[in-house]
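Trainee: I should be grateful for a close look at a single part of this structure. Could you choose one part, explain how it is put together, and then place it in its surroundings?

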Amino acid sequence: MERIFLIFGICVLVLLSPITAWWLTPSLPWYLPFLIWFIIILLIPWAHHRIEKR
Amino acid sequence: MILSAPGLFLSSLLYLFLLFLVAYATEKRWIPPWLPRHPAVYILSLGVYATTWSFYGSVGYADSNGFMFLAVYLGLTFAFILTPVLLSPILRLVREYQLTSLADLFAFRFRSQTAGVLVTIFMLAGTLPYLSLQIRAVTESASVLTQQFAPQYLSLGFCTLIVLFTILFGARHIAPREKHEGLVVAIALESLVKLLALILVAGIAVFGVFGGFGGLADWLDAHPEALEAMTTPAREGPWVSVLILAFAASFLLPRQFHMLFTENISPGALIKAAWGFPLFLLILNLAIPVILWAAVKQNLGTVPDYHVLGIAQQSGSAAVTIFVFLGGVSAASAMIIVSTLALAGMTVNHLILPTTGTPGTGMNLYRWLLWGRRIIIAVLVFAGYGFFLAFERSSHLVQLGLISFVAVAQFLPGIAGTLFWPGANRNGFIAGLAGGGLTWFIVLILPLLIDTSAAGSSAAPALWELAGQNKWTFSTLASLSVNAGLFVLVSVLTHQSSSEREAAALCAQELLTPYRSRVRLASSREFAPALAGALGTQTAEYEVRRAQRDLKMREEETEPRALGRLRERIERNLSGLIGPYFARDVVELRLPIDRENKAPAAEQMRLMEDRLEVSRSRLRGLAAQLDTMRRYHRQILEELPVGVCSVSSTGMVTTWNRVMEHLSGISKNTALDSQITELTQPWGGFLEQCIDSEQSHIHKQVLEVEDGTRWFGMYKTEMRSPRTAPYVEIDSESIGTTVLLQDLTEIHQLESQLAHSERLASIGRFASGVAHEIGNPVTGIACLAQNLESETSDPEIYSDIQGILEQTSRINNIVQTLVNFSRRGEVDLLQKHRFGLRHCLEEAEELVRLSRPGKTMDVVIDCSHDLDIEGDRQRLCQVFVNILSNGYDASNSGGIIQILADQDAAGIQVKLRDYGHGMADEISERIFEPFVTTKQPGEGSGLGMALTYGIIRDHDGHIEVDSAPDVGTEVRITLPLPA
């Protein structure tokens with residue numbers, strides 16, 4: 001369960017804090033928001049790993 | 001490229017018909033059954049989330065709000081990250097209590113029909129703009145492709161087609177537990193078409209418009225304002241509020257709830273969907289900026305909402321354009337089909353049924369429900385069409401979508417209360433929802449209802465302007481604040497009913513199952529007639545049969561607990577059919593419980609333990625620790641070296657441990673929940689006798705079982721109810737009896753052997769004394785007789801002397817036997833050495849044959865010449881002589897005696913079998929006791945077998961006798977292997 005809240009916290013930090021302004025900078029690659037989203041998706045199975053086993 | 005309206009209509013018709021064929025083939029099992037259950041199909045079916053708003057509108061939204069369009073999907077990702085704590089618990093409730101919609105869930109949690117009604121009305125109000133949006137998108141997309149104002153018949157025809165196909169997909173028949181595998185596969189296929197269509201358009205944009213990814217990068221370098229237009233609005237826009245709205249919409253929208261929970265076949269698929277579905281949406285959305293930039297580069301004349309079609313048209317291929325158009329039709333039709341299906345069920349269960357009641361005995365309830373749903377589906381689709389006509393020219397696509405999102409976000413406080421706050425109550429929920437709903441109506445719907453020019457002067461827009469906030473931020477925060485505030489305040493200030501408290505505990509996993517008193521009906525056969533008044537005869541009979549099938553219950557069941565389970569199952573099944581509140585109402589009224597006659601606490605504990613056992617993985621913290629302790633105590637009971645059997649006050653077995661299984665040969669599964677009298681005999685009667693016995697302890701209780709007689713020590717105690725037992729209704733002090741059984745058979749046998757040995761020892765001592773006392777005088781008599789023999793020549797006296805000598809010799813033999821017997825046990829006197837067994841057997845046979853010259857016997861010795869034995873040769877020879885002599889004496893002349901000797905891991909086995917007259921059981925049981933004989937007086941002393949027994953025991957061996965009258969006797973001797 002700790003992993004879930006860890007990922008959730010990271011998501012809040014990346015997607016709901018002033019950090020959002022950083023990855024929405026026009027000078028960065030246009031696909032960066034998608035890349036961040038993809039990394040979050042990759043972390044979900046890791047967070048749910050033990051729960052899936054149970 | 002311009003396409004014709006009839007052509008588009010025909011292609012839509014053919015496409016929907018293809019989907020129907022896929023659904024039909026799935027239901028008919030023409031495709032492999034694993035396919036509908038595959039997680040990928042489930043994930044794709046969740047793609048119903050991506051409606052025309054996503055398919056067409058996202059490009060338009062990106063055009064005006066840049067990367068803000070991503071917030072609609074990132075919010076969903078947030079919700080799916082929380083799957084184990086948010087979505088899985090809802091799925092558990094939906095599956096466990098057969099709930100089919102969000103209205104069902106709230107009606108179940110708050111035990112309130114009003115909650116169900118309010119949720120349904122609010123869902124209808126919130127979804128109607130969304131339905132109209134889909135109709136509008138299809139109509140407008142047709143206008144884009146035909147380059148003319150789309151004829152009315154196109155949108156009307158689309159609505160008619162959708163009504164028809166929705167009924168065909170989901171309301172053709174009443175599906176048990178609302179699982180429509182065909183629908184799931186069809187919706188999954190639609191999602192695939194949407195995805196492929198967008199990828200195709202993105203491909204055209206990248207390779208057709210930009211000439212590849214390098215071209216795209218170059219164009220972006222040359223046009224930094226394009227990227228600026230994507231990022232700036234997102235930084236400044238209502239990012240947080242759209243994330244919150246998307247978070248709520250991802251599982252609370254009727255279509256999402258329906259596909260996520262109601263149509264879910266495997267809970268495991270939900271965990272896979274937690275990453276699979278966001279991945280699907282990521283791929284879908286990757287196409288959006290590319291399509292937008294391609295449209296900008298090409299300077300397309302289409303409105304941004306339909307750039308997807310514009311780019312497809314650029315390809316110059318009619319097939320590509322029609323395929324992309326069908327992608328839009330997929331997005332619209334999937335949303336309308338699933339949403340109207342979900343809303344139809346909610347409307348019938350929460351608005352129609354409470355108003356009209358069930359149709360009664362005369363009508364088939366299934367048909368009534370089916371037609372009710374069909375009519376509601378048609379009404380909803382055409383209401384959406386009416387909404388579309390009324391607001392044809394207002395708002396962008398996404399505006400209508402967001403209005404719906406704000407509406408469903410009003411259920412967030414209710415969901416939080418359901419899952420995490422057992423103190424929340426129906427008054428708070430209703431007050432919160434009404435307050436939030438009113439705010440939503442004033443802020444978002446009112447401006448739609450009045451003229452646009454009047455809207456500018458209305459109070460609502462001024463509110464967010466006054467607050468200096470964005471429309472969506474203001475509407476989201478204002479409505480949710482009012483909602484949550486009222487929910488908490490009213491919940492705190494008002495009280496919960498007891499049934500609501502029970503439901504709250506079930507939802508928050510504080511309670512696994514409610515505990516019921518006994519059903520007032522005496523047999524399962526009485527259930528259907530009792531329910532017929534509410535459900536109709538046919539439905540009632542079918543529902544009772546279905547519940548019995550689910551429980552694998554026999555047709556005629558009278559056991560009170562089984563009847564309670566049947567009642568519970570019927571309520572759950574009916575919940576899937578007519579909603580939880582109405583189902584509860586019907587069951588409470590038609591299958592009443594006897595509140596005076598509560599289920600015994602022992603049975604309730606047993607039920608509780610069952611539920612705990614299957615639900616233990618859900619326990620956390622203190623509950624998990626308590627469960628660990630429970631399992632520890634259970635393990636102690638299981639591992640006790642005595643049999644433990646607990647029986648409730650009604651005679652139902654509630655505990656049956658491992659030793660009990662071993663002793664009785666009755667498995668735990670068979671014994672538990674059975675009546676004690678129903679157990680296999682003799683155990684049923686035996687335990688019943690123990691329970692009824694006035695004694696709390698019986699030292700030795702004899703029981704005749706299949707493998708012989710067994711002796712048990714029995715301890716019994718009456719159990720008293722625990723004083724504090726929450727959620728358990730305990731009525732009486734005594735809650736049952738526990739019986740402990742100790743198998744004393746082995747101890748009893750040892751005691752018998754000990755007594756036997758004691759008896760032999762005392763006889764030995766007696767024999768030794770007698771031999772001593774008799775031996776000396778007899779020796780004196782023999783000496784005197786011998787003297788007389790030498791002194792007399794009278795033949796008559798000589799003959800008498802011979803007689804005296806013979807008799808004294810006989811007495812001496814007896815005395816010698818007694819002496820030998822008395823010396824039995826003097827192991828030190830044994831002269832042990834190794835010798836051939838066969839030779840010993842042959843010698844014994846020879847001795848016996850010589851001593852019985854008048855009798856011819858066929859003695860067959862089957863013994864290897866190599867088989868050696870270790871012991872006192874003389875004494876063992878005596879053993880075989882004794883046994884063979886008995887065999888000779890018991891058999892007629894010409895009979896057979898078989899001697900079989902062999903060795904195995906246990907030792908050397910010697911079997912001596914004759915086919916003589918045998919012995920009765922009462923003799924054979926005592927054959928090793930001294931002076932027990934079947935021979936006539938004077939023919940045997942009765943000490944031979946006693947002596948034999950002693951010699952074998954002195955050699956650490958074992959001897960046993962099997963005999964039956966007129967069949968013969970078999971003596972089996974086991975001796976240790978030579979060292």
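Mentor: The following account begins with a sheet in chain B and then turns to other parts of the model.

The model is predicted, and a word on confidence should come before any detail. It scores ipTM 0.94 and pTM 0.69. In chain B the mean pLDDT is 84, and 90% of the residues reach 70 or more. Residues 452–460 of chain B have a pLDDT below 50, although this stretch has 12 contacts in the model beyond near neighbours in sequence. Where pLDDT is low, the predicted coordinates should not be read in detail.

The part chosen is an open sheet of 5 strands in chain B, arranged in the order 4-3-7-6-5 with antiparallel pairing. At its edges are strand 4 (653–656) and strand 5 (697–705) of chain B, each of which pairs on one side only. From one strand to the next, the twist averages 25°.

Let us examine strand 3 of chain B, which covers residues 643–648. Is this strand largely enclosed by the rest of the structure or not? Of its 6 residues, 5 are buried, so strand 3 of chain B is largely enclosed by the rest of the structure. A residue is counted as buried if 20 or more other C-beta atoms lie within 10 Å of its own.

Strand 3 of chain B has a partner on either side in the sheet order. With strand 7 of chain B, strand 3 runs antiparallel and is joined by 6 bridges. Within this pair, B:Val644 has B:Leu740 in strand 7 of chain B as its bridge partner. With strand 4 of chain B, strand 3 is also antiparallel, and 3 bridges join the two. Here B:Val647 stands opposite B:Val653 in strand 4 of chain B. Strands 3 and 4 of chain B form a hairpin, with 4 residues between them. In the turn, B:Gly651 has a positive phi of about 90°.

The next pairing in the sheet is that of strand 6 (residues 708–720) and strand 7 (residues 734–743) of chain B, which are antiparallel over 9 bridges. In this pair, B:Gly713 stands opposite B:Gln742 in strand 7 of chain B.

Between strand 4 (653–656) and strand 5 (697–705) of chain B in the sequence lies a loop that deserves attention. Most residues other than glycine have a negative phi, and most peptide bonds are trans. The bond between B:Gln681 and B:Pro682, however, is a cis peptide bond, with omega of about 10°. B:Pro682 lies in the loop that separates helix 33 (668–671) from helix 34 (683–692) of chain B.

Other residues of chain B have a positive phi without being glycine. One of them is B:Arg29, with phi near 60°, in the loop between helix 1 (5–27) and helix 2 (34–37) of chain B. B:Arg29 is exposed, with 10 other C-beta atoms within 10 Å. B:Asn299 has a phi near 55° and is likewise exposed, with 6 other C-beta atoms within 10 Å.

B:Asn299 belongs to the loop between helix 15 (267–298) and helix 16 (307–314) of chain B. These two helices pack at an angle of about 65°, with their axes 9 Å apart, and their crossing is left-handed. Among the residues that meet there are B:Ile291 and B:Leu292 in helix 15 of chain B, and B:Val308 and B:Ile311 in helix 16 of chain B. By class, the contact between helix 15 and helix 16 of chain B has 6 nonpolar, 4 polar and no charged residues.

Helix 40 (residues 944–954) of chain B may be set beside strand 3. In helix 40 of chain B, 10 of the 11 residues are buried, so this helix is largely enclosed by the rest of the structure. The buried residues include B:Met945, B:Leu947 and B:Tyr949. After helix 40 of chain B comes B:Asp956, with a positive phi near 60°.

Chain A completes the picture. It has 3 helices and 0 strands, and 19% of its 54 residues are buried. In the interface, 25 residues of chain A are in contact with 31 residues of chain B. Helix 1 (2–16), helix 2 (19–23) and helix 3 (32–53) of chain A each supply at least two residues of the side that touches chain B. Helix 3 of chain A gives the largest share, 12 residues. The residues on this side of chain A divide into 20 nonpolar, 3 polar and 2 charged.

Notes
Residues numbered from 1 in each chain as written. Chains lettered and ligands numbered in written order. Predicted model: local features only at pLDDT ≥ 70, side-chain atom pairs only at ≥ 80, totals over all residues. Buried ≥ 20, exposed ≤ 12 C-beta atoms within 10 Å, placed from the backbone. Contact = placed C-beta atoms within 7 Å. Nonpolar A, V, L, I, M, F, W, Y, C, P; charged D, E, K, R; others polar. Pairing = 2+ DSSP bridges. Axes fitted to C-alpha atoms, helices over the stretch in contact; angles between N-to-C directions. pLDDT = per-residue confidence, 0-100. Left-handed = near helix turned anticlockwise from the far one by under 90°.
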